[in-house]
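Visitor: I would like a close look at a single part of this model, please. Could you walk me through it at an easy pace?

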Amino acid sequence: MTYESDLENETSFVGNAEMLLGRPPRALDDVSLGEVEQVRLVLRGGSVVDWHRLNLSSVEEANHILRANEFDPDDERDQQRLTDIRRRAIDFLERNFSIAFAPEIVGAPRVQDLMLLAAGRDTALQPQACMVLKLMHVINHIDGRELLFLLPISDRDVFYLVEEKATRVANEMRAKGFPIVEFAGSRKSRDSLITKLLSKKQSIAAQIYDKLRFRIVTATADDIFPVLRYLGEQLFPFNYTVPGESINTVFDFPKFMARDAHLARMIPNLQVDLESEDQMRPAPNEATSARFRVINFVVDIPVRIDSYLCHFADPSLEALGPIVYVLTEFQVLDLESHLQNERGEASHEKYKLRQKAKVKHRLVRGKRFWGGKGEL
């Protein structure tokens, strides 16, 4: 999993590294437990389906999560869409698991109220609210995937929507003074796609997650947390991080939590203890140097396609909502790690040479090459 630096950049800017390195780190006093859990899920590659509670304390925090998922809390149609998804979630749970839901769950006025119940202390309502939200998460994702399959929209069109969204957020971050040295986006070329498929034991195009990707270089390692925090609110929702696809060889999350007094107080309340930090880490890519340092994760980014739907008077499409999902890879690292990755065996050039050599070896030797290993 490396950044293809030879590809055409669709989105990019370069900041003043020297000036950014001289800035003090952003204060963490206003970081909530919910935000810590969200950033950590992205870094670990976990799944919200495994969560047993939602950490938030206000309608405003609930609205932040809804907006990241491309739902407008103030739009009546979006609220109706969320109500319909909740009804379908409850129906599924009742039919398949014979669960009798409390009136407060079934009749919650808005999804924000359900989210607050999932974060509450009521021993009966809290787990029920969590169950419903998990099913809503899955049903909404299925609808978005089906909508993307049914609509005659090319990869190029949906990639553009994500790039446009990423460009807007990147420019906002630059204007707000975030310590970002570089922000760049690219699409994987046809040759790169073919080479990557040949390097994987299961050569299925759907398993290539980095057709569209973004690289973000921060001034220091400590800047990674506030950057991910902002991206998780403005660009991608933490809950659609692809489980088991996150690699983190840059940011020491346990140490980061322990050395800040405000964050350290949250450690006992984390849903997964810090000893399980690397539990979800995937097997390493053998073509990648052990010296290569990166945070790599994949998110199914939601984008609204209301303007496209206006051209199709199809009630079945309307029932699927106005949101589709686009698998997008992110690489985040600090400037020191970035410079190290440009040298010696960790460089992109060396990586491509190793990858091509292994692919060629596989093409010549076929099945005998694998020896029980899943990826080159």
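What covers the buried residues of α3?

Guide: Happy to take you there. Please keep in mind that this is a predicted model. The cover over the buried residues of α3 includes four helices, α2 (33–44), α4 (76–97), α6 (111–118) and α10, together with the strand β5 (295–304).

Let's begin with α3 itself. This helix spans residues 59–68, and its buried residues are A62, N63, I65, L66 and A68. Just past the end of α3, E70 has a positive phi, at about 70 degrees.

Among the covering elements, α6 is a good one to follow in detail. The axes of α3 and α6 come within 9 Å of each other, and they cross at roughly 110 degrees. An angle from 65 to 115 degrees counts as roughly perpendicular, so that is how α3 and α6 lie relative to each other. The crossing of α3 over α6 is right-handed. On the α3 side, the contact is made by V59, A62, N63, I65 and L66, while α6 brings V111, Q112, M115 and L116. Sorted by character, the residues of this contact are 7 nonpolar and 2 polar, with no charged ones. Of the α3 residues in that contact, A62, N63, I65 and L66 are also on the list of buried residues.

Another of the covering elements, α10, leads us on to a second helix pair. Helix α10 (residues 224–234) packs against helix α8 (residues 155–175) at an angle of about 135 degrees, and their axes are 11 Å apart. That angle makes α8 oblique to α10. Here too the crossing is right-handed, with α8 passing α10. From α8 the contact takes in K165, R168, V169, E172 and M173, and from α10 it takes in V227, Y230, L231 and Q234. These residues divide into 5 nonpolar, 1 polar and 3 charged.

To set this part in its wider frame, the chain has 16 helices and 6 strands. Buried residues account for 52% of its 376 residues. Counting contacts with a separation of 6 or more, 81% join residues 24 or more positions apart. The accessible surface of the chain comes to about 18300 Å², and carbon and sulfur atoms hold 52% of that area.

Technical notes:
Residues numbered from 1 in each chain as written. Predicted model: local features only at pLDDT ≥ 70, side-chain atom pairs only at ≥ 80, totals over all residues. Heavy atoms only, no water. Helix = DSSP H or I, 4+ residues; strand = E, 2+ residues; numbered from the N terminus. Buried < 20%, exposed > 50% of the residue type's maximum accessible area, 1.4 Å probe, protein only. Contact = heavy atoms within 4.5 Å. Areas by Shrake-Rupley, 256 points an atom, 1.4 Å probe, with all protein chains shown as cover. Axes fitted to C-alpha atoms, helices over the stretch in contact; angles between N-to-C directions. Parallel < 35°, antiparallel > 145°, perpendicular 65-115°, else oblique. Left-handed = near helix turned anticlockwise from the far one by under 90°. Nonpolar A, V, L, I, M, F, W, Y, C, P; charged D, E, K, R; others polar.
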